[in-house]
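Please study the sequence and the model shown below before attempting the exercises. Each task is followed by a solution in steps.

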Amino acid sequence: MEYKARCHCGRVRFSFRGPEIKTGRRCNCSLCIRRGAVLSSTYIPAADFTPHHDPGDLGLYLWNEKVLSNYFCKSCGIFTYIGDGETPRTATVSISAASKVSMRSPSKSASSTARHCR
Ligand SMILES: [Zn+2]
């Protein structure tokens, strides 16, 4: 299934392919708790992920081991995805930003307590 996603103001757009999203994951790291992100349950391989075309539109936040790049829109501040570099080989996406996703209670998924960020 193809998912198109965007930030609030529409400046940042990205897309990804994968099985139908039926649940998400709430990571319990200190960053995700504060931003309230609902993430994809698995990492999306580069072949199935198209990041935003212009890195200049994206803010980047690195923390902890500085391995994972947390991208957000420079204009509206919405968190979009986590990648492992400017051209991510894999990404975890904010499924809140994706269209066609409807979930009743992602925080109650079986994986809700798993740590997704490092
Ligand atoms: Zn934006």
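The exercises below concern a predicted model and treat its strands, its loops and its core in turn.

**Exercise 1.** Determine the strand order of the open three-stranded sheet, and state which strands stand at its edges.

*Solution.*
Step 1. The order of this open sheet is β1-β2-β4, and the pairing is antiparallel.
Step 2. β1 (2-6) and β4 (49-50) each have a single partner strand, so each keeps one side without a neighbour in the sheet and stands at an edge.
Step 3. Between β1 and β2 (residues 13-17) there are five bridges in the antiparallel sense. Within this part of the model, Arg 6 is found opposite Arg 13 in β2.

**Exercise 2.** Trace the pairing of β6 with β5 and with β7, and give a residue pair for each.

*Solution.*
Step 1. β5 and β6 run antiparallel and are joined by four bridges. Leu 58 has Cys 73 in β6 as its bridge partner.
Step 2. β6 is also joined to β7 (residues 79-83) by four bridges, again in antiparallel fashion. Here Asn 70 stands opposite Ile 82 of β7.
Step 3. The hairpin of β6 and β7 has five residues between the strands, and Gly 77 adopts a positive phi near 85° there.

**Exercise 3.** Which residues in the loop between β5 and β6 have a positive phi although they are not glycines, and are they buried or exposed?

*Solution.*
Step 1. Asn 64 is not a glycine, yet its phi is positive, at about 50°. Its place is in the loop between β5 (58-61) and β6 (69-73).
Step 2. Lys 66, likewise not a glycine, has a positive phi of about 55° and lies in the loop between β5 and β6.
Step 3. A residue is exposed if 12 or fewer other C-beta atoms lie within 10 Å of its own. Asn 64 has 11 within 10 Å and is therefore exposed. Lys 66 has 8 C-beta neighbours inside 10 Å, so Lys 66 is exposed as well.

**Exercise 4.** Describe the largest nonpolar core and the surroundings of Tyr 81.

*Solution.*
Step 1. This core has 24 residues, and those touching the most other members are Ala 37, Leu 39, Tyr 81 and Val 93.
Step 2. Two or more residues of the core come from each of β1, β2, β6, β7 and β8 (90-93). The largest share, three residues, is that of β7.
Step 3. Beyond its neighbours within four places in sequence, Tyr 81 is in contact with Phe 14, Tyr 71, Ala 91, Thr 92, Val 93 and Ser 94.
Step 4. In soluble globular proteins, nonpolar side chains tend to be buried together.

How values were computed:
Residues numbered from 1 in each chain as written. Predicted model: local features only at pLDDT ≥ 70, side-chain atom pairs only at ≥ 80, totals over all residues. Buried ≥ 20, exposed ≤ 12 C-beta atoms within 10 Å, placed from the backbone. Pairing = 2+ DSSP bridges. Core = buried A, V, L, I, M, F, W, Y, C linked by C-beta atoms within 7 Å. Contact = placed C-beta atoms within 7 Å.
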